[in-house]
Amino acid sequence: MSNVRRAKDKDIPAVFRLLKQVNKVHHDGRPDLFKWPATKYTEQQLQDIFTDDRTPVFVCTDEKDQVLGYAFCILKQAIDDNILTDIKSLYIDDLCVDETIRGQHIGSTLYQYVLDYARSINCYNVTLNVWSLNTSAMKFYEKCGLIPQKVGMEVIL
């Protein structure tokens with residue numbers, strides 16, 4: 001049985017552990033772009049993110065309140081933009097389930113919680129980016145019903 005809730009400062013060590021797992025996947029796929037070892041955030045940055053309602057972070061925990069996975073989100077809205085409408089979006093900046101327990105529907109539980117949260121605050125949509133090197137994540141998101149909105153491309157010089 002798992003529970004999803006807002007992240008708290010006490011979750012920082014577990015979130016760091018998961019951030020390292022995500023960074024390792026990215027580093028292994030694109031060592032030209034991603035440093036190793038590294039984490040995306042510092043402890044102070046996580047504390048600030050966890051308390052900001054514009055950047056809600058949700059954790060999925062087990063019955064002992066141990067973190068199994070997380071979803072970092074960012075509220076986005078382009079108000080009075082020249083070409084974009086004023087819709088409110090919830091962007092999933094990062095979603096991770098501990099690599100040792102994948103396949104137990106923790107990711108889909110987190111994703112569904114994010115959708116419900118977005119609906120509760122009247123978002124128009126939920127968006128995210130996924131690196132093309134992360135084929136398992138791409139398959140997961142497709143299975144959840146996400147479709148491509150735009151495609152980033154590059155040429156390495």
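In this predicted model, R6 stands opposite F58 of strand β2. The neighbouring position tells a similar story, with R5 placed opposite V59 in β2. These pairs belong to the contact between β1 and β2 (residues 57–61), two strands that run antiparallel and are joined by 4 bridges. On its way through the sheet, β2 also pairs with β3, again in the antiparallel sense, over 5 bridges. Here V57 has F72 of β3 as its bridge partner. As general background, the strands of a sheet pair through backbone hydrogen bonds, in either a parallel or an antiparallel manner.

Stepping back, the sheet is open and contains 5 strands in the order β1-β2-β3-β4-β5, with mixed pairing. Because β1 (3–6) and β5 (125–128) stand at the edges with a single partner strand each, one side of each is left without a neighbour in the sheet. On average, neighbouring strands are turned by 30° against each other when direction is ignored. Two helices can then be placed against this sheet. Helix α1 (residues 12–29) packs on it and touches β2, β3 (67–77) and β4 (88–97), its direction making about 80° with that of β3. Helix α2 (residues 43–51) packs on the sheet as well, touching β1, β2 and β3, and its direction makes about 65° with that of β3.

How much of β2 is buried? The strand is mostly covered, with 5 of its 5 residues buried. V57, V59 and T61 point one way from β2, F58 and C60 point the other way, and all are buried.

The nonpolar interior comes next. In soluble globular proteins, nonpolar side chains tend to be buried together. The largest nonpolar core in this model has 24 residues, and L90, I92 and V114 touch the most other members. At least two residues of this core come from each of β2, β3, β4, α3, β5 and α4 (135–143). Helix α3 gives the most, with 7 residues. A second, separate core holds 18 residues, including L19, V22, F50 and F72. F72 is thus a member of that second core and also the bridge partner of V57. Returning to the largest core, L90 has a long list of contacts beyond four places in sequence, among them P56, C73, I74, L75, V114, Y117 and A118. The list for L90 also includes C123, N125, V126 and T127.

Several loops carry backbone features worth a look. Strands β2 and β3 form a hairpin with 5 residues between them. In its turn, D65 has a positive phi of about 65° although it is not a glycine. D65 counts as partly exposed because its relative accessibility is 25%. The loop between α1 and α2 contains P37, which is joined to W36 by a cis peptide bond with omega of about -10°.

The loop between α3 (106–120) and β5 holds I121 as well as N122. Not counting residues up to four places away in sequence, I121 touches L75 and K88. The C-alpha atoms of I121 and S89 are separated by 9.8 Å, although these residues lie 32 residues apart along the chain. N122, for its part, has a positive phi near 65° without being a glycine. With 63% relative accessibility, N122 counts as exposed.

Definitions and conventions:
Residues are numbered from 1 along each chain as its sequence is written. This is a predicted model: local features need pLDDT of at least 70, side-chain atom pairs count only at pLDDT 80 or more; totals for chains, interfaces and linings use all residues. Side-chain values use heavy atoms; hydrogens and water are left out. Two strands pair if DSSP finds at least two bridges between them. Axes are lines fitted to C-alpha atoms, for helices over the stretch in contact, and angles run from 0 to 180 degrees between N-to-C directions. Contact means heavy atoms within 4.5 Å. Buried means under 20% relative accessible area, exposed over 50%, partly exposed in between (1.4 Å probe, protein chains only). A nonpolar core is a set of buried Ala, Val, Leu, Ile, Met, Phe, Trp, Tyr and Cys residues joined through side-chain atoms within 4.5 Å.
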